[in-house]
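Reader: I'm new to reading protein structures. Could you walk me through one with me asking the questions?

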Amino acid sequence: MKTALITGATSGIGKSTAYIFAKHGINLILCGRRQERLEELQTELCETVKVHTLCFDVRNKDHVFKSIDELPQEFSSIDILINNAGNAHGLDPIQTGNLDDWDAMLDINVKGLLYVSKAIIPKMISQKSGHIINIGSIAGKEVYANGNVYCASKHAVDAINKGMQIDLNKHGIRVGAIHPGLVETEFSNVRFKGDDNRADTVYNGFDPLRPDDIADIIAFVVTRPYHVNIADLVVLPTAQANSTIINKSL
Ligand code: NDP
Ligand code: 8X3
């Protein structure tokens, strides 16, 4: 049986991925900052697969490395890493952007992803196998108004994904990115700092992606035969043409 470590497993895409992986019989290491949610998931999913939880903020590199280094023996061999933890913080023109928001996005979406990857990649190299999926975004392919730093963080994920593909190629480790468009999760509630009405308007008037749509695709990607690596995938709701064109009449 394979073991997957999923960051950002307490909500949205990461949480759906945990459920779908459990259905595929993949043992789980579930990560996030909200301990209560991790415990709820563990209680539910441990009826199907083995589940271990790690409560850390991906910004805390010491905690990230210690938690992963000290995994119990039965979870220490990680076959699949889903680098999913991340969020947008704010939606402001560059000239009025909030410095704390910028720090959060770069520290979580970019540096946090790097810390978790650095803690796991040497294990994959010594195993001579592994599969890393980086969750980017359409915001990593295009820049939209007021998206500046979030888009920069996701462009960085796109670049890191390509860098990993090159550097890990000779080690037989599969690396790929999935870049979703609009998925209805807690993403906009976080972006708008708990303004749920504003968050709802993002997904009104069209049929957005649901977290299960992306989780299904992640499960498809990790269940391909070893010689198949899905390297880069943009997934949009049918109503979305790109970052800015959304057919709200559907
Ligand atoms: P959610 O807000 O629903 O989930 C975000 C997850 O990330 C939560 O589990 C959260 O857990 C975790 N997380 C956030 N900050 C930290 C942190 N500092 N340390 C550890 N974990 C953290 O959003 P989504 O499911 O939508 O987002 C998942 C990924 O998908 C993100 O990388 C996002 O950028 C990307 N994405 C989302 C899209 C969308 O439209 N929703 C579209 C394209 C990409 P906790 O709070 O418990 O720490
Ligand atoms: C999330 C999608 O368009 O809000 O990455 O940036 S978007």
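Reader: Thanks! Where is the place of Lys193, in terms of the loop and the helices around it?

Author: Happy to start there, and keep in mind that this is a predicted model. Lys193 is not a glycine, yet its phi is positive, at about 55 degrees. As for its place, Lys193 lies in the loop between helix H6 (187-191) and helix H7 (196-203).

Reader: Is Lys193 buried or exposed?

Author: The label depends on the relative accessible area, and a residue counts as exposed when that value is over 50%. For Lys193 the relative accessible area is 55%. Because 55% is over the cut-off of 50%, Lys193 is exposed.

Reader: Which loop holds Asn146?

Author: Asn146 is another residue to look at for its backbone: its phi is positive, near 70 degrees, in a residue other than glycine. On the chain, Asn146 belongs to the loop between strand S5 (130-135) and H5.

Reader: What relative accessible area does Asn146 have, and how is it classed?

Author: The class called partly exposed runs between the buried limit of 20% and the exposed limit of 50%. Asn146 falls between these limits, so it is partly exposed, with a relative accessible area of 31%.

Reader: How far apart in space are Asp200 and Glu184?

Author: Let's place Asp200 to begin with: it is found in helix H7, and its relative accessibility of 38% makes it partly exposed. In sequence, Asp200 and Glu184 are 16 residues apart. In space, C-alpha to C-alpha, the distance between Asp200 and Glu184 is 8.8 Å.

Reader: Now to the ligands. Which residues are the closest to ligand 1?

Author: Ligand 1 is surrounded by 30 residues. Two helices, H1 (12-23) and H5 (148-168), each supply at least two residues of this shell. The closest residues are Thr10, Ser11, Arg33, Tyr150 and Thr185.

Reader: How many residues of the shell around ligand 1 are charged?

Author: The shell around ligand 1 can be sorted by residue type. It has 12 nonpolar and 12 polar residues, and the charged ones number 6.

Reader: What share of the area of ligand 1 does the protein bury?

Author: Let's look at some contacts before the area. Oxygen atoms of ligand 1 are 3.0 Å from a polar backbone atom of Gly8, 3.0 Å from a polar side-chain atom of Asn87 and 2.9 Å from a backbone N or O atom of Val183. Taken alone, ligand 1 exposes 880 Å², and the share of this that the protein buries is 97%.

Reader: Which residues surround ligand 2?

Author: Sorted by type, the shell around ligand 2 has 4 nonpolar, 1 polar and 1 charged residue. By name, the residues around ligand 2 are Ser137, Ala139, Tyr144, Tyr150, Phe187 and Arg191.

Reader: How much of the accessible area of ligand 2 does the protein cover?

Author: Again, contacts come before the area. Polar side-chain atoms of Ser137 and Tyr144 each lie 2.5 Å from an oxygen atom of ligand 2, and a side-chain N or O atom of Tyr150 is 2.6 Å from an oxygen atom of ligand 2. On its own ligand 2 has 240 Å² of accessible area, and the part covered by the protein is 88%.

Reader: Which pocket does ligand 2 sit in?

Author: Think back to ligand 1: the space it takes is the largest pocket. Ligand 2 also has its place in a pocket, and that is the largest pocket.

Notes: Residues numbered from 1 in each chain as written. Chains lettered and ligands numbered in written order. Predicted model: local features only at pLDDT ≥ 70, side-chain atom pairs only at ≥ 80, totals over all residues. Heavy atoms only, no water. Near = heavy atom within 4 Å. Polar contact = N/O pair within 3.5 Å; in protein donor to acceptor, adjacent residues only side chain to side chain. Areas by Shrake-Rupley, 256 points an atom, 1.4 Å probe, with all protein chains shown as cover. 1 Å grid on protein atoms, 1.4 Å probe; cavity = no way out; pocket = protein on both sides within 12 Å on 5 of 7 lines; lining within 4 Å. Sits in = over half its atoms within 2 Å of the grid points. Helix = DSSP H or I, 4+ residues; strand = E, 2+ residues; numbered from the N terminus. Nonpolar A, V, L, I, M, F, W, Y, C, P; charged D, E, K, R; others polar. Buried < 20%, exposed > 50% of the residue type's maximum accessible area, 1.4 Å probe, protein only.
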